[in-house]
Amino acid sequence: MAKKKALITGILGQDGAYLAKLLLERGYDVHGAARPSASWNDWRLRELGIAERVTIEAFDLLDYENIRRLVDRVRPQEVYNFAAQSLVGSSFEQPLYTADADAMGVLRLLEVCRSVNPAIRFYQASSSEMFGGVSAVAFNESAPFHPRSPYAVAKVFAHHATVNYREAYGLHASAGILFNHESPLRGRQFVTRKITSTLAEIKAGANVTLRLGNLAAKRDWGFAGDFVEAIHQMICAERADDYVIATGRTRSVRDFVGAASAALGFDLDWCGSGIAETARERRSGRVIVEIAEEFFRPVEVETQLGDAGKARRALHWAPSVEFETLVMMMARADYDRVMSGRALM
Ligand code: GDR
């Protein structure tokens, strides 16, 4: 039997890499799409040992004809869309680009699927950011959206477009409303990996300080490797649908700093408050964490908590990695990278 062919946009990112690995293990022919570049940075694919097994194709979410030619040539049965401007903070600086890539880009992809082969199964990376953080209860699929950043506004458009193509044209188009998902392959611009990579550098003797914004923000942090499993199950399900994917537990950025410090053997002493708050290493008195205005956002999503009950019931999905294990995994990976002289990407 011919291998199933999947096209993963955003193949060079965390989720693209983990999903590529999972699909290869399940016998797929995996094609990845990435923004045109003279040299693709495929460090994640290399860390997972799959760089040679994935075909990378140049692709631009802003260019309809480019997407159409790519899908027409590759002829995938499944398209997973992870490509996006995915930094919530940066979206306040680049709202137009974010809307073009994260909202209109998805519409372009959906139009291409509909015209090239409406039998393509399509996955859209929707985001828990669409809910905002205005409720203390866990968000499920029927919670109202209250986007609080240009990124979230664009994701709401893309989410509705995905549902609309399912309803209007019968596309097998699913949207996973994923809460934060992290791993040793997370980009350093996101707070979790920024924390583990900077603390690992400090542990190894570097003269740097961990500079952070809002320590009180709470997120429902899961392991990206678990979350791509849910994504594949959505694509394999007989009926396309929307699913919240989350762990059901929430922790603050401060909790994350505490867990990562413990994992690396720092004993932190917090003092001061607001912008003047710092954390010093108790033994040496050295400042490890400082607060910096530049990392606060114009509007913040304070608390996120997801209810993945529907995915548990319909897809038999459950997360397997606990918060403490996740932090430990990320801290150790960064410390190993630093100690073996590998560049932190
Ligand atoms: P988020 O992830 O915005 O939740 O979106 P991020 O890790 O950027 O921020 C989480 C929380 O930490 C606070 N914070 C900081 N954030 C960053 N990046 N850098 C800092 O120095 C810092 N200090 C505090 C933030 O204010 C925020 O409250 C992620 C992305 O992956 C999205 O693409 C995805 O859709 C959602 O998760 C689900």
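1. Let's start where the two domains meet: in this predicted model, 11 residues of domain 1 are in contact with 15 residues of domain 2. Among those on the domain 1 side, five are nonpolar, two are polar and four are charged.

2. For orientation, here are the bounds. The domain assignment puts 5–183, 221–248 and 302–320 in domain 1, while domain 2 takes in 191–216, 252–300 and 329–339. If you are placing them by eye, the C-alpha centres of the two domains are 30 Å apart.

3. Now to the area. The size of an interface is often given as the accessible area lost when the parts come together. Here about 1100 Å² is buried between domain 1 and domain 2, and carbon and sulfur atoms give 59% of that area. On the domain 1 side, three residues are worth finding in your viewer: Arg 148, Trp 221 and Glu 302 supply 46% of what domain 1 buries against domain 2, more than any other three residues.

4. Next, the charged and polar pairs. One salt bridge is counted between the two domains. Arg 337 and Glu 47 form a salt bridge, with their closest N and O atoms 3.0 Å apart. The count of residue pairs in polar contact between domain 1 and domain 2, with both residues at pLDDT 80 or more, is four.

5. Which elements give two or more residues to the side of domain 1 that touches domain 2? They are α2 (43–47) and α4 (88–91).

Technical notes: Residues numbered from 1 in each chain as written. Predicted model: local features only at pLDDT ≥ 70, side-chain atom pairs only at ≥ 80, totals over all residues. Heavy atoms only, no water. Domains from an automatic or database assignment. Contact = heavy atoms within 4.5 Å. Buried area = accessible area lost by both parts, 1.4 Å probe. Salt bridge = Lys/Arg side-chain N within 4 Å of Asp/Glu carboxyl O. Polar contact = N/O pair within 3.5 Å; in protein donor to acceptor, adjacent residues only side chain to side chain. Helix = DSSP H or I, 4+ residues; strand = E, 2+ residues; numbered from the N terminus. Nonpolar A, V, L, I, M, F, W, Y, C, P; charged D, E, K, R; others polar.
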